[in-house]
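Hi! Here is the structure I promised to pass on. Have a look at it first, then read my notes below.

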Amino acid sequence: MHQIESTTESKILEAARQVFMRKGMSGARMQDIADQAGINKALLHYYYRNKQKLFEVVFREAVQNIFIRIKDIIDSETPVIEKLTSIAQRYITELSRSPYLPLFVFNEIYQHPQMITSLFIESEIHHSLKKLFQEIQTEVDKGYFRKIAPPHLLINIISLCIFPFVASPLLQTVFELDAQQLQSFMKERKKQVPLFIRNAVLNF
């Protein structure tokens with residue numbers, strides 16, 4: 001019985017991820033999620049009383065997955081340049097698995113800013129970011145990194161990762177890419193972005 005409930009709940013959460021990422025919180029309906037999960041609406045309400053509760057679970061999981069992975073990289077003992085290139089590769093890997101996530105997150109940042117703020121604080125990633133900024137500044141002071149403010153450097157790296165996913169419909173048109181070629185393009189980004197970071201950051 002417990003396994004059946006676990007399977008049903010897993011199906012609901014997977015369906016909710018797909019529907020919320022396509023339509024956002026305001027556009028999604030409980031009926032859409034029930035249809036996507038292949039269950040009736042009454043059963044969906046048995047597991048999740050309303051759309052808000054279900055949305056909070058999905059949104060929290062999606063954002064925390066990225067925060068946890070990035071935090072693990074920052075807290076590791078590897079050199080700073082390796083941390084920066086690993087963050088880029090991790091971002092691109094996660095977004096390749098969930099290409100609608102950036103638009104989903106951006107939309108919810110504007111609609112429910114308090115939720116993303118509380119997740120950011122709960123993950124304690126802000127402590128890790130302070131540590132990373134100090135490490136970057138140390139490399140700048142030693143002359144190993146070109147002069148750049150650490151927050152600008154991190155925002156530049158994240159933007160390099162996110163933009164191709166947000167603009168993927170435009171990229172497909174401009175570069176005449178079909179779905180498979182777009183996947184190959186994103187895979188190539190995992191090599192190109194770290195290479196660009198090294199060339200842009202290292203001072204020798």
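**What turned up**

The largest share of the lining of the largest pocket, six residues, comes from α4. Bear in mind that this is a predicted model, where local features need pLDDT of at least 70 and side-chain atom pairs count only at pLDDT 80 or more, while totals for chains, interfaces and linings use all residues. Residues are numbered from 1 along each chain as its sequence is written, and side-chain values use heavy atoms, without hydrogens and water.

Zooming out, the chain has 11 helices and zero strands (DSSP runs numbered from the N terminus: H or I of at least four residues for helices, E of at least two for strands). Along the principal axes, its C-alpha atoms fill a box of roughly 65 × 40 × 30 Å.

Back to that largest pocket (on a 1 Å grid over the protein atoms alone, an open set of points where a 1.4 Å probe fits, with protein on both sides within 12 Å along at least five of seven lines). Its volume is about 630 Å³ (the space filled by probe spheres set on the points, which are joined across faces, edges and corners). Which residues lie nearest its centre? They are Phe67, Tyr91, Phe120, Ile158 and Ile162, out of 24 lining residues (those with an atom within 4 Å of a point). Two or more residues of this lining come from each of α4 (51-74), α5 (80-97), α6 (101-111), α7 (113-123), α8 (125-142) and α9 (150-166). By class, the lining has 24 nonpolar, no polar and no charged residues (Ala, Val, Leu, Ile, Met, Phe, Trp, Tyr, Cys and Pro are nonpolar; Asp, Glu, Lys and Arg charged; the others, Gly among them, polar).

The second largest pocket has a volume of about 330 Å³. Of its 15 lining residues, Pro99, Phe165, Ser168, Leu182 and Met186 lie nearest the centre. Here α11 gives the most, with four residues, and the lining counts 11 nonpolar, four polar and no charged residues.

Last, a helix pair to find on your screen: α5 and α8 pack at an angle of about 130°, with their axes 10 Å apart (lines fitted to C-alpha atoms over the stretch in contact; angles run from 0 to 180 degrees between N-to-C directions). Val80, Lys83, Leu84 and Ile87 of α5 meet Lys131, Leu132, Glu135, Ile136 and Glu139 of α8 (contact means heavy atoms within 4.5 Å). These contact residues divide into five nonpolar, no polar and four charged.

Cheers!
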